[in-house]
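Student: Could you pick one part of this model and walk me through it closely? I'd like the local details first, and then how they sit in the whole chain.

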Amino acid sequence: MSFDLVVWALDGGATPADVRAAHELCREGEHAEGQVDRRIGGFYAELTAQYPDKEPVADSPWADAPLHVAPDHVLMCLDESCADAVLEAIERLAGQHDLMLLDLQDGTVYPPPTRVV
């Protein structure tokens, strides 16, 4: 069994309901087109530099690889026994790249942290 998370690059002001709606549209086959959002590209590059998804690696956190990368999101199916450090890295990178994080187990959406200027 896997533990599934998705990071989403939505416009500023997006709400948790917007994230869930975008995910539902994706599940129904409606997908964003065009280039991969720079935030998604940066997130994916940094995450897979730490936890490769292209080649089988001992102790890989991925239950399904390679990761699903779309223009506006990355779907990650994690092995249920993956280390907490992997989840912490995903959360940290999502925040750094201004992405919203959707936990598919319970539908919770974690917005990026508010930046103090």
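Tutor: Let's start with a pair of neighbours: strand β2 (residues 62-69) and strand β3 (residues 73-79) are joined by 4 bridges and run antiparallel. Strands here are DSSP runs of E with at least two residues, helices are runs of H or I with at least four, and both are numbered from the N terminus. Two strands count as paired if DSSP finds at least two bridges between them.

Before going on, keep in mind that this is a predicted model: local features need pLDDT of at least 70, side-chain atom pairs count only at pLDDT 80 or more, and totals for chains, interfaces and linings use all residues. Residues are numbered from 1 along each chain as its sequence is written, and side-chain values use heavy atoms, with hydrogens and water left out.

Back to that pair. β2 and β3 make a hairpin, with 3 residues between the strands. Across it, D64 faces C77 in β3. P66 also sits in strand β2, and the peptide bond between A65 and P66 is cis, with omega at about 0°.

Now zoom out a step. The hairpin belongs to an open sheet of 5 strands, ordered β2-β3-β1-β4-β5, with antiparallel pairing. β2 and β5 (109-110) are the edge strands; each has a single partner strand, so one side of each is left without a neighbour in the sheet.

The strand I'd linger on is β4. On one flank, strand β1 (residues 2-8) is joined to β4 by 4 bridges, again antiparallel, and W8 has M100 in β4 as its bridge partner. On the other flank, β4 (residues 100-103) pairs with β5 over 2 bridges in the antiparallel sense. There, L101 is matched with Y110 in β5, while L102 stands opposite V109. β4 and β5 also form a hairpin, with 5 residues between the strands, and G107 in that hairpin has a positive phi near 80°.

What about the side chains? In a regular strand, side chains alternate between the two faces of the sheet. In β4, M100 and L102 point one way, L101 and D103 point the other way, and all are buried, where buried means under 20% relative accessible area, exposed means over 50%, and partly exposed is in between (1.4 Å probe, protein chains only).

Take L102 from that strand. Its relative accessibility is 3%, which means it counts as buried. Leaving out residues up to four places away in sequence, L102 touches D4, L5, V6, W8, V19, R20, H23, G107, T108 and V109; a contact here means heavy atoms within 4.5 Å. L75 lies 27 residues away from L102 along the chain, and their C-alpha atoms are 9.4 Å apart.

One of those contacts, H23, comes from helix α1 (residues 16-27). H23 has 14% relative accessibility, so it counts as buried too. With residues up to four places away left out again, H23 touches V6, W8, L102 and L104.

Just ahead of β4 there's a backbone detail to check in your viewer. D98 lies in the loop between α3 (84-96) and β4, and its phi is near 60°, a positive value in a residue other than glycine. D98 has a relative accessible area of 39%, so it is partly exposed.

Finally, the whole chain. The tally is 3 helices and 5 strands, and from the N terminus the elements run β-α-α-β-β-α-β-β. Of the contacts with a separation of 6 or more, 63% are between residues 24 or more positions apart. Buried residues account for 39% of the 117. The C-alpha trace spans about 40 × 40 × 30 Å along its principal axes. For 117 residues a compact globule would have a radius of gyration near 13 Å, and the chain's 14 Å agrees; that radius is taken over C-alpha atoms, and the globule rule is 2.2 Å times the number of residues to the power 0.38.

As for the surface, the accessible area is about 7000 Å², with 51% belonging to carbon and sulfur atoms (Shrake-Rupley method, 1.4 Å probe; for residues, only the protein chains shown count as cover). The chain carries 7 positive and 22 negative side chains, and the centres of the two sets are 7 Å apart. Lys and Arg count as positive, Asp and Glu as negative, and His and the chain ends are not counted; each charge is placed at NZ of Lys, CZ of Arg, CG of Asp or CD of Glu.
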